[in-house]
Each structure stands twice: as structure tokens, then as C-alpha cells.
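Visitor: I would like to learn how to read a structural model feature by feature. Please take me through one.

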Amino acid sequence: TAAEVGDRVLAEIYDEQERRRAGEQLQITTGIDEFDHYLGGLYRGELLVLAGRPSMGKTALALHMALAAARQGKKVCFFSLEMTAMQTMNRLFAGYASVDADHLRIEGLTTAELERMERRAGKFEDLPLFFDHTPGNSIENIRAQVMLQKRKKQCDLAIVDYLQVMKMEKQGWENANQTVGYNIQGFKQMAQDANIPVLVLSQMNRNSMNSGDKAHIPNLHDLRDSGVIEQVADCVYF
């Protein structure tokens, strides 16, 4: 009944107020001041979508958020469906030690950069940051792992990189729209069931870069493969 739901909502509000008075931070901040100013951070039960064209920095931004959350003591589960473990760690380590990623990959590190990485290396042991590198992973597998880690109290935030490379397990689907729609709905349900924020990376349409307007501001219709993304996500940012 409405009364029963109202009682639960009121009880949860009082509980959150008490936790705030005790100094607990309920939302997860991203380490990006402007983002946190407008959205307040990442909240439990919400699905957020970060979209962009290839090589625009989606993974770098997601890793930055994962690192910021882990440094707050939040347990982060990062699912990488495209990059290898070494590629992900190289990028994460470069950001953590404020090292030029091109130096790490191509030119070689300066003496100062190498010293910074050595100083920071030991601190990685204390970060509650967990990686899964399974190419073409499925929503069913990701959900099973998240729910298992949640029961172990080892998952406060899940990040998936990225939506369009997920495995298509459903038989009889004719196009990617149905697969993407099914997967994004699964992530929304996962966010609610696990009561954690879920951040999913997504591609944008190629046409979004061919509008003829150099100052083109991305919009929801620029999301690739499915209109369901904009229907179920609590927040989409580009």
C-alpha cells in the first residue's frame, strides 16, 4: 500500500540523515568538481551512461572516476570488455602517478616520472579496485559477478567499458538495437537490485560528427544503436 511504501521511504530518509550527521558520505564523488557540482556525484540505484566517439577519452574518464571512488574507500568493480589487463593498468597507473601516458607507451619515462611511479606503486595495494577483463562479456555474467561481490560487501560501484561490444546471446534478434536495449535494461535492473550506481560507457553515432556544425552539442538521439538507452538511464553525459 501507499502507506507502507511511505513508511519505508520516511525510515530511509531518517537513516540517511543520521548517517550524514555521523560524517558518512552517501554518494560517490567522481573527482571532477564540475560534474559533482551539477549532479552531486554517483547515487545508489542509478544508471549513468557516458557516451562519446572512439578515442575521445571515455575510458580515461571512467578510470579517473574509478580511481577517485577507490581513494574514498569505495569498492569499485571495473569490467573491461575491450582492453587487456595490462593496457588498463598502464592507463590507470599513468593517471595515478600523474605520468604522461605517451611517455609510458612510446617515449620512455623521465627520471622524475619513474620516481613518482615508484612512490605510488605501493599505494595500489590498498585501493579497493577490482578488474574483470572478459572480451564480449554478457549482461548475465556481469550481473552474477556484481551480485556476488555485493553480497560479500565488495562492490559499491560498477563500471562497464563498453555497451556496444557486449555479447549477443539472445536468439532471433535481427539487429544491434534489440541487443543494446536488452543489455541497458539489464544494467538498470542491476543498479536497483544491487542498490549501487552503475556507470556504462557507450558509443555515439558516426553521424553526430558529420552534422556540418563544428560546435555541435551532442544530444540523446546521438546515442548509438538504441533509443532505449535514453529511456532507462537516470543520467546521460557526453
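Reading the model

Guide: Start with a lysine and a ring. K58 lies over the face of Y162, at 6.0 Å from the ring centre. Keep in mind throughout that this is a predicted model.

Visitor: Where does Y162 lie, and which peptide bond there is cis?

Guide: Y162 is in the loop between β4 and α8 (176-194). The cis peptide bond joins D161 and Y162, with omega at about 5°.

Visitor: How far can I trust the coordinates?

Guide: Where pLDDT is low, the predicted coordinates should not be read in detail. Here the mean pLDDT of the protein chain is 80, and 82% of its residues reach 70 or more. Confidence is lowest in helix α5 (residues 101-107), with a mean of 63, and highest in strand β4 (residues 157-161), at 93.

Visitor: How many helices and strands does the protein chain have?

Guide: The chain has 9 helices and 6 strands. Of its 238 residues, 41% are buried. Taking contacts between residues at least 6 apart in sequence, 74% join residues at least 24 apart.

Visitor: How do I check the length of a helix such as α3 (residues 58-71)?

Guide: Compare its end-to-end span with the rise per residue. The 14 residues of α3 should span 20 Å at 1.5 Å a residue, and its end C-alpha atoms are 20 Å apart, which agrees. Helix α1 (residues 2-21) can be treated likewise: its 20 residues reach 29 Å from first C-alpha to last, close to the expected 28 Å.

Visitor: What comes just after each of these helices?

Guide: A glycine with positive phi. Just after α3, G73 has a phi of about 90°, and just after α1, G23 has one of about 95°.

Visitor: How many of the residues of α3 are buried?

Guide: In general, an α-helix has 3.6 residues a turn, so residues three or four places apart point the same way. In α3, 10 of the 14 residues are buried, so the helix is largely enclosed by the rest of the structure. Among them are K58, A62, L63, M65 and A66.

Visitor: Which positive phi values occur outside glycine?

Guide: K153 is one, with a phi of about 60°. K153 lies in the loop between α7 (139-151) and β4, and is exposed, with a relative accessible area of 66%. N195 is another residue other than glycine with a positive phi, near 55°. N195 belongs to the loop between α8 and β5 and is partly exposed, at 35% relative accessible area.

Visitor: How should I read aromatic pairs, and how many are there?

Guide: Look at the distance between ring centres and the angle between planes. The structure holds 2 aromatic pairs. In one of them, the rings of F78 and F131 have centres 5.6 Å apart and planes at 50°, so the pair is tilted. F78 lies in strand β2 (residues 76-80) and F131 in strand β3 (residues 129-133), so the pair ties together parts that are 53 residues apart in sequence.

Visitor: Are F78 and F131 buried or exposed?

Guide: F78 is buried, with a relative accessible area of 1%. F131 counts as partly exposed, at 27% relative accessibility.

Visitor: How many disulfides are there?

Guide: A disulfide is a covalent bond between the sulfur atoms of two cysteines. The count here comes to 0 disulfides. For C77, the closest cysteine sulfur is that of C155, at 3.4 Å, too far for a bond when the cut-off is 2.5 Å. C77 is buried, at 6% relative accessible area, and C235 also counts as buried, at 13% relative accessibility.

Visitor: What is S202 in contact with?

Guide: Leaving aside neighbours within four places in sequence, the contacts of S202 include V49, L50, A51, G52, K58 and Y162. K58 and Y162 are the residues of our opening example. S202 itself lies in strand β5 (residues 198-203) and is buried, with a relative accessible area of 0%.

Visitor: And where is N219?

Guide: N219 is in the loop between β5 and α9 (228-232). At 42% relative accessibility, N219 counts as partly exposed. The C-alpha atoms of N219 and Y237 are separated by 9.0 Å, with the two residues 18 apart along the chain.

Key:
Residues are numbered from 1 along each chain as its sequence is written. This is a predicted model: local features need pLDDT of at least 70, side-chain atom pairs count only at pLDDT 80 or more; totals for chains, interfaces and linings use all residues. Side-chain values use heavy atoms; hydrogens and water are left out. Rings of Phe, Tyr and Trp (its six-membered ring) pair if their centres lie within 6.5 Å; planes under 30 degrees apart count as stacked, over 60 as edge-to-face and the rest as tilted. Helices (H or I, at least four residues) and strands (E, at least two) are DSSP runs, numbered from the N terminus. Buried means under 20% relative accessible area, exposed over 50%, partly exposed in between (1.4 Å probe, protein chains only). A charge sits over a ring if NZ of Lys or CZ of Arg is within 6 Å of the ring centre and within 35 degrees of the ring normal. The expected span of a helix is 1.5 Å times one less than its number of residues. Contact means heavy atoms within 4.5 Å. pLDDT is the predictor's confidence in each residue, from 0 to 100.
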